[in-house]
Amino acid sequence: MSPAGPAWPRLRVLQTLWALLVVLLAPWRLWAIKNTQECTWQVVLNNFETVGKKDASDRFVDQEPLYTVDKVFSQLVDAPIDPDEVRGLVSGKRERSWTCTPLGSGHLPTLSLQTYLGFPYYLKINYSCKGELFNLIPRYFVNVPSRPLWYTVDQAPVFILGGIPEEKAILLTDTNFKDFFLVELSIDSCWVGSFYCPQTSFTATIYDAIATESTLFIRQNQLIYYFTGTYITLHESNRGSGRWVRVLANECIKKLCPVHFHSNGSEYVMALTTGKHEGYVHFGTITDGRVSFELLPRQRSVCNGILVVNCSITWAVFIAGDYNLLLLVEIEDPSTRKYFQVVSYDLVSDYLVVLYTIPEFIPDARGLEFLMVLGTESYTNFPMVPKGMSYNPYNNLLFIWGNFLLQSYNSKNFIYLADFPKELSIKYLVNSFYGDTAIVTETEEIWYLLEGSYQVYKLFPSKGWEVHVSLQVMQQSSLYAPNETMVTLFYEDRRLYQLVYLIDNQQGRLVKRLVPVEQLLMYQQISNDYLLERQGSHLTLSFTNFCPFTVMRLRDLPNPQIYTRQERYRAQPPRVLEPGGFHSDNSLAVYQGLVYYLLWLHSKYDKPYADPVHDPTWRWWKNKKQDQDYYFYLASNWRSAGSVHVDMASYEKIYDLKAENELPERIFLDKGTSYRFSVFLTAREPEPLHGPSFQLQSKVGLAVVLADPECIEAVVKEKVLVNRNSVLFWVTLSDKRFCFDQGISGHHLMKTSMLLKVVGSSGHCFQNTNQGPRMQGNLMVPVLIGCPPGKRLAFDITYTLEYNRLQNKHYFDCVHVDPEMPCFLFRDIFYPFFLIQDLVTGDSGSFQGSYVLKVVGGGPTLDTIKEYSEEDIYRFNSPLDKTGSLIWTTRNTTTTEDSAFNILSHNSLGIEWLCMENSPCHDTIPHSIFASEFFFKVLVSNRGVDKSTYCDYQLTFQLHIHGLPLSARRAFLILMVSASLFVGLVILYVISCLLSPYVVKVCNVLCWKINNIIAWESYIYSIASDTGAFSNTSGIKSGESSGGISRVVSKVAGENRTDTKETLRKKPIS
């Protein structure tokens, strides 16, 4: 399960008063503290108002943030962060995939990014001890049979559990039952059994419940419902949820069968029918939240396919790797008794075949631990009653269970495990998928089987269980009570847990507790194998240790990240500049905002153009790295704004995680890669032999069991250390290079496994650790073959620019420079280079494989880029095109098998841009005075042409090309227009030069006349203004004045004529 609030591994922290608001202490104040108790780090969802409160966990009603941390981050004016970018980040809606895993022995959390349904608005990083348990109604659990917990492994964000008697309710948890909710369901509960379903009674109880990543399934009577609401709606415990939709409404469903692993981008569920469609399976597929069912087999029923009249499907198992269904079929033959067969159905070919017929009676093992069922052995009088099947896709181990236990690695040859008593009947199996299987019987007994061995151990009830409970009661443990009922059994982190309802002092409560498998086996071994010997007058007690070794160590383990493919970040809390060192609401808000920003940087880093520095956190500090000392100076003098100091070095991606002397949780193998380590064993009873070849012979032997030896191989080399009574084994696990086709990074991986087993150690060897005893000598590691997660292809823009400048002797960028997308000149040869970036290990190197490059879209601007059709992609990129549509070409002669496309590599001769007549980039009209430009959408893929890896690398990026030439027609038209304009301008210039003297003369005369007229009118106006004052005098005076004026005017005119004559007389004759 990928829980919403995953718990961190137990760390030792300061014991303090929880009445105070102590959410997390400054890390440097914890180093010297020894008086501690066990507590856990948690990451849960919270409103801003409840940050820091103990046991506070909010469920939100929508996907919009309720509060931003603008006010908090606005105070950090001198912190090495960009407040505007953080503010924009936390104020908008974001969805990410993440959860958390531990790192090292420090007190600080480390984030590991995996899949999770729905991302929170705020991350509350809480620091709390174990939470309280809730009281529930006793009739829901007392004396109620336990039921299996079904979910998609490592995918389901919640668990659901039905079985509440006569109640339409389920138990819901998103914390692996650390806390839980009782949810009432608002379903119609329509019952059609009286019409065509062979069902005689009605009940409100929810029987089958399955949780997947994107939806939930339940069965009530013969009806199936699946959940269509949001994840938030599931927490409405006060009223029934009405988001449950009935599916297969006209079918009679007798059972739901889970599919524990997702594959091919989908999850699956199977519904077994009865009534009119007896002998069919409804195969459900869940893809991106959409649910669809298909009736299988397609052509005819299973009964008709195996040539029987009456049959019924009891159980179904889906094997995703083979796309195959295994069906447990009950056959009723009128002439004989009922018998069972294992039938295989191929979903691709629609083919049915009988794999195995289960014996009618239980074999007589005659004291053996196991018996190979060949059909020639003797049988008891106990009939075999199969009830179900269980399949582990990692080791191909199939169990058929009922009042017996059969196992097979090929679904054809079965081994009978005789340790399980035939008088009991198995109710369900619980598989850890790491080599451990727990068995629950109809009488609520718990048995244990270590895969790879044949011994079945009884855990409860047993003498070992009685000893364990007695010790727990002496310690006054609250997890045990005289009256208890087991609700379910499940594995979490390879450890077996019980969900138990306890009644103590008339108070009922539901608790989750660990089943101490190793301790119970040790108690059982000690109680069965001891010896009383008399030494003198008293008896001594001695125990027999059946473990063949005394010391087992794993050595020379490589760094795990390259094989586990877990991306890890270190995110330390900011330093609080307060005397007490305690965090406040503001500092916690800053912390969760920074972690949120860190996850956003992680998702933003996945882009086509590679950064100069291969680290998502590089963009965080790149503009303020030079001021690091200044920020440290402020913090050292307690002058940081907001009393919070953010250290740049406290947020980083971890690439150098070291191995901790244990095998990784899982191993990813690419094509031809290997995993190498050594095993050191010290023998318990060595038997040295002396002779020509002095060597050590002991009972220590190491076996490596491979689930698919045709796909992977293991080489074991032994070195005997006689003087140390030890043996050193070197183990190398390698991929054989031919069992997997190319696939997208992290998708469609082939599941297999490696089992490392010391002979004779199963159930006998234990190692004491600080977390209790741990089983030794039997290590199963899942192996995933294919393209590992976290590897991607990126456009190496830095080296591409450098190499193109070197080869073309120049480089011309666009006029408007975009640092995120540099330009390339059309007439230059284009040499592209790509990187293979490993986001887990930090490795980044040049892609040395072959690839196919295609232009799949384009446009003259970024806004006008359009996708091309498959036909257009062929015409624009194929060297076989005859329509004159090629966009580019290359001098390389290597092509694909059908010669449809060119194959390029890192040492190719480059790309020459053509933009032929029928291509979209032909004759691109410039939008300004600068040359034309075009944006190409380029697809680069190595599928089918690169044999060096299982990875199907696909990269789509935009390429900016400028300086595109115009077509000949448009260029000639522009030339003619330009020439016409030029000639016209020249003619106009010549004409203007010839006529300029005359034009100047005319202009001068015209100007003189205009000035003359203006001067005359001005003079007349001034004289008239001066004489206006005498307008009231006698007429004589007026006459005289008028005569005087006339004379004056005549005089002035005469003078003007005289001046003109003198001027003309003085002008020389040319």
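**Sheets, a helix, some unusual bonds and a pocket**

In this predicted model, three strands make up an open sheet in the order β54-β56-β57, and their pairing is antiparallel. At the edges of this sheet stand β54, residues 791-795, and β57, residues 844-846, and because each has a single partner strand, one side of each is left without a neighbour in the sheet. From one strand to the next, the twist averages 30 degrees. Strands of a sheet are held in register through hydrogen bonds of the backbone, and the pairing can be either parallel or antiparallel. In the case of β54 and β56, the latter made of residues 834-838, the antiparallel pairing runs over five bridges, and a reader who wants to find a particular place in it can look for Arg792, which stands opposite Gln837 in β56.

Another open sheet has five strands, which follow one another in the order β23-β28-β27-β26-β25, again with antiparallel pairing. Which strands stand at the edges here? They are β23 and β25, the latter covering residues 388-392, and since each has a single partner strand, one side of each is left without a neighbour in the sheet. Neighbouring strands of this sheet are turned against each other by 25 degrees on average, if their direction is ignored. The edge strand β23 pairs with β28, residues 415-417, in the antiparallel sense over three bridges, and within that pairing Met372 stands opposite Ile415 of β28. Elsewhere in this sheet, strand β26, residues 397-401, contains Leu397, a residue whose relative accessible area is 0%, and which therefore counts as buried, given that the cut-off for this class is under 20%. Leu397 and Ser411 are 14 residues apart in sequence, while the distance between their C-alpha atoms in space is 8.2 Å.

A hairpin offers a view of how two strands can be joined. Strand β36, residues 530-535, and strand β37, residues 538-543, pair in the antiparallel sense over six bridges, with Arg534 standing opposite Leu539 in β37. Two residues lie between the strands of this hairpin, and there Gly536 takes a positive phi near 75 degrees.

Most residues other than glycine have a negative phi, and most peptide bonds are trans. Against that background, two residues that are not glycine deserve a look. Arg366 has a positive phi of about 55 degrees and is found in the loop between β22, residues 361-363, and β23, residues 370-372. Is Arg366 buried or exposed? Its relative accessibility is 65%, so Arg366 counts as exposed, the cut-off for that class being over 50%. Ser899 likewise has a positive phi, of about 60 degrees, although it is not a glycine, and its place is in the loop between β60, residues 888-890, and β61, residues 911-913. With a relative accessibility of 29%, however, Ser899 counts as partly exposed.

There are also cis peptide bonds to find. One joins Leu296 and Pro297, with omega at about -5 degrees, and Pro297 belongs to the loop between β17, residues 290-296, and α3, residues 302-305. Another joins Phe460 and Pro461, where omega is about -10 degrees, and Pro461 is placed in the loop between β32, residues 456-460, and α4, residues 463-474.

Among the helices, α7 can be checked against a simple expectation. At 1.5 Å a residue, the 20 residues of α7, which are residues 585-604, should span 28 Å, and the C-alpha atoms at its ends are indeed 28 Å apart, which agrees. This helix is mostly covered, since 16 of its 20 residues are buried.

Finally, the reader can turn to empty space. Rolling a probe the size of a water molecule over the atoms shows where such space is left. The second largest pocket has a volume of about 540 Å³, and of the 21 residues that line this pocket, the closest to its centre are Arg147, Pro148, Trp150, Asp208 and Lys427. Which strands each supply at least two residues of this lining? They are β10, residues 208-211, β14, residues 252-258, and β29, residues 426-431. Sorted by class, the lining of the second largest pocket has ten nonpolar, three polar and eight charged residues.

Terms used:
Residues numbered from 1 in each chain as written. Predicted model: local features only at pLDDT ≥ 70, side-chain atom pairs only at ≥ 80, totals over all residues. Heavy atoms only, no water. 1 Å grid on protein atoms, 1.4 Å probe; cavity = no way out; pocket = protein on both sides within 12 Å on 5 of 7 lines; lining within 4 Å. Points joined across faces, edges and corners; volume = space filled by probe spheres on them. Helix = DSSP H or I, 4+ residues; strand = E, 2+ residues; numbered from the N terminus. Nonpolar A, V, L, I, M, F, W, Y, C, P; charged D, E, K, R; others polar. Pairing = 2+ DSSP bridges. Axes fitted to C-alpha atoms, helices over the stretch in contact; angles between N-to-C directions. Expected span 1.5 Å × (residues − 1). Buried < 20%, exposed > 50% of the residue type's maximum accessible area, 1.4 Å probe, protein only.
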